[in-house]
Structure formats: structure tokens, C-alpha cells
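Hi everyone, thanks for making room for me today. Let's put the model up on the screen and walk through it together.

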Amino acid sequence: MKDQLARLEKQLELLVEGSLARLLGAEISPSVVAGQLARAMEEVGKQDEQGHSFAPDQYALTLNPDDANLLLDSAPNIHSVLAKGLLEAVRSVGYIIQRQPNITIAADPTLKRWEVRVVAWHSGNPLEFTHPMQREAVLRSGALPDGAFLIVDGRGHYALDRPVINIGRRLDNQLILDNPHVSRTHAQLRIRDGRFVLFDLGSTTGTKVNGRAVKQHVLRQGDVISIAEIRLVYGEDPTGPPDSTEAYTPPFPPRPAGDQKTRSEIDLDRDLGDLLRE
């Protein structure tokens, strides 16, 4: 296993050297970033009874905003370049991966220039094989997605285990974000047709998904939600949130929620049919 991990780290170093380091300059350390990628894979990787290693297929690479903007401006297709290289690297050292990996580039102003933080997870349980039509039936029924969660600033995970989740600074939100630039009730997640839809609730500073300001957005694997300086990465895994992060603990004890409908059903559902068909 150690030999496999060392070979993987070497392959990833070559990938980072030929992509991120080439675009961002010599200040970025390919060995450090490769080490983070390899450790993220090792921490959340799974093994079956035969000893086969399964690599995660979802990755969030978080950089300083200047670096993230430079990277995306100079190479808009960097996601696919990294995904292709990552797929080749993990397969070359004997890892199994469910599908083409999804890589999201996110910005975090708390990171220094040339600093990179990596979070990885599985979009599904690679050890569990179920008929795809069964999952489609669940999604059509309006049930919650299996194992939906948010990674909060790369440090803690928050399980999305109810159909309506309010996000904001106020203590009666389900997900409390302690930041002066977060509105008291900033955003809301609401289940529709088996998928979580994000709504901005008229917040002062707005809500972004993958760097784009949104009023409402159907969440997909790897989407990065930006609320003030806080980054929330959306994921799904039937086995639950990644083991590499601890459960998110709110900065203050939450109060009873009461009636949290800050916008009417009509407002929240407006144009949602078109949005879900995108």
C-alpha cells in the first residue's frame, strides 16, 4: 500500500507540475499539492474484500482568489485537464475509480498566495452495486438524495437530512454561519424532485455557485457555494459524509426554529420547472 501511495504521489506531482505549476508559476509546490491529493485519496479511499482500492471521484481544489482567478482565466478548461490527468494517474498505480473524476476550483480568501487545500469524497458507494432504475425512482418520488452533505470551509461536514434547511447568521437557522457579512437568514435549501435547490433569500452580499451569482440553483455534485467568505461544497454519498472531516459544530447553540418560511412557496417555486429542466 505504501509503495502504491508513493507511486501515486509521484504521478500526481507530474500532473501538478504540468498544469497548476505551469500556469501559476514556480511559487506553487507540485510536491505539496500532490501530497495533499494523495492523502485525500488515502483518507477517503475504500477497499473491497479482495483488497481492490477505490479512489474518490469528487475533488475540490481551493486556492487564494487571485490564484483561482488567474488559473481559470488562463485555462478555462483546467477542470477537464486535471480530471483526465488524475484519472490516468490513479489507474496507472492500480486504483479503481467509478467514473471520470469531477474537479472543482474554488476560491478562499483565507488562503495565502500559492497555497492549495484539497477535499475529496465519493459521489456514491463504490462497494455497493444497485440497479440504476431504483435510484431514479427514489429521485422522482421527491425523497432526499442519499447521503447529501455540505463541506463547510473544508473543515467540517453538515448532513442534509431534512427537506428544508435555512442557512444564515441567525441562531434559529439549521446551518449557522458566524460571519458579519452573512445575512441573518441568507439562503435556503429545499428539496424538489429528489434534488436540493439553493435559494438566495434576498441576502445583502448575495450567494454564488462556482463563482457565479445566483438567485436559485439546482445543486450538483461538486458545486461550490460561496456565502460571504465561507465556502460550502455540495456532495452526495449513500454511506454518508467523508470520514476526513468532522461533523460541523455551530458556533452558538441553535434556538428552536419556529416558522422559518422567509419567502412564500410561490416565490420559491417561481420558474423552478425551467431550472430543473436545465
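So, which residues have the most contacts inside the largest nonpolar core? Before I answer, a word on what you are looking at: this is a predicted model, in which local features need pLDDT of at least 70, side-chain atom pairs count only at pLDDT 80 or more, and totals for chains, interfaces and linings use all residues. Residues are numbered from 1 along each chain as its sequence is written, and side-chain values use heavy atoms, with hydrogens and water left out.

Back to the question. The residues with the most contacts inside the largest nonpolar core are L8, L12, Y59, L61 and I105, and that core has 38 residues. By nonpolar core I mean a set of buried Ala, Val, Leu, Ile, Met, Phe, Trp, Tyr and Cys residues joined through side-chain atoms within 4.5 Å. Buried means under 20% relative accessible area, exposed means over 50%, and partly exposed is in between, with a 1.4 Å probe and protein chains only. The elements giving two or more residues to this core are α1 (2-18), α2, α3, β3, α4, α5, β5 and β6. Those names come from DSSP runs numbered from the N terminus: helices are H or I with at least four residues, and strands are E with at least two.

Take L12 as an example. Setting aside residues up to four places away in sequence, L12 touches A34, L37, A38, M41, L86 and A89; contact here means heavy atoms within 4.5 Å. There is also a second, separate core of 23 residues, and V182, L219, I227 and L232 are among its members. As a general point, nonpolar side chains in soluble globular proteins tend to be buried together.

Now please look at the sheet with β6 in it. This is an open sheet of 3 strands, in the order β5-β3-β6, with mixed pairing. Its edge strands are β5 (102-107) and β6, each pairing on one side only. On average, neighbouring strands here are turned by 20° against each other, direction ignored. For pairing, DSSP has to find at least two bridges between two strands. Strand β3 (residues 58-63) and β6 are joined by 6 bridges in the antiparallel sense, and T62 faces R117 of β6 across that pairing, standing opposite it.

Two helices go with this sheet. Helix α3 (residues 30-44) lies across β3 and β6 and runs at about 25° to β6. Helix α5 (residues 78-92) packs on the sheet, touching β3 and β5, and its direction makes about 130° with that of β5. For these angles, axes are lines fitted to C-alpha atoms, for helices over the stretch in contact, and angles run from 0 to 180 degrees between N-to-C directions.

Let's zoom in on one residue of β6. Is V119 buried or exposed? V119 counts as buried because its relative accessibility is 8%. V119 sits in strand β6 (residues 116-121), and its C-alpha atom is separated by 5.7 Å from that of Y59, 60 residues away along the chain. Leaving aside neighbours within four places in sequence, V119 is in contact with Q58, Y59, A60, I151 and G154.

I151 takes us to strand β7 (residues 148-152), which pairs with strand β8 (residues 156-159) in the antiparallel sense over 4 bridges. Within that pairing, L150 has Y158 as its bridge partner. The two strands form a hairpin with 3 residues between them, and D153 in the turn has a positive phi of about 55°.

Next stop, helix α4 (residues 65-74). Its buried residues are D67, A68 and L71. Seen down the axis, they fall within an arc of 100°, so they line one face of the helix; the arc is taken from the directions from the helix axis to the C-beta atoms. What covers them includes α2 (20-24), β3, α5 and β5. At the N-terminal end of α4, N64 acts as a cap, with a side-chain oxygen 2.9 Å from the backbone nitrogen of D66.

To finish, the whole chain: 8 helices and 18 strands, with 49% of the 278 residues counting as buried. Among contacts between residues at least 6 apart in sequence, 66% join residues at least 24 apart. Thanks for listening!

Terms used:
A polar contact is a pair of N or O atoms within 3.5 Å; within protein, one must be able to donate a hydrogen and the other to accept it, and residues adjacent in sequence count only if both atoms are side-chain atoms.
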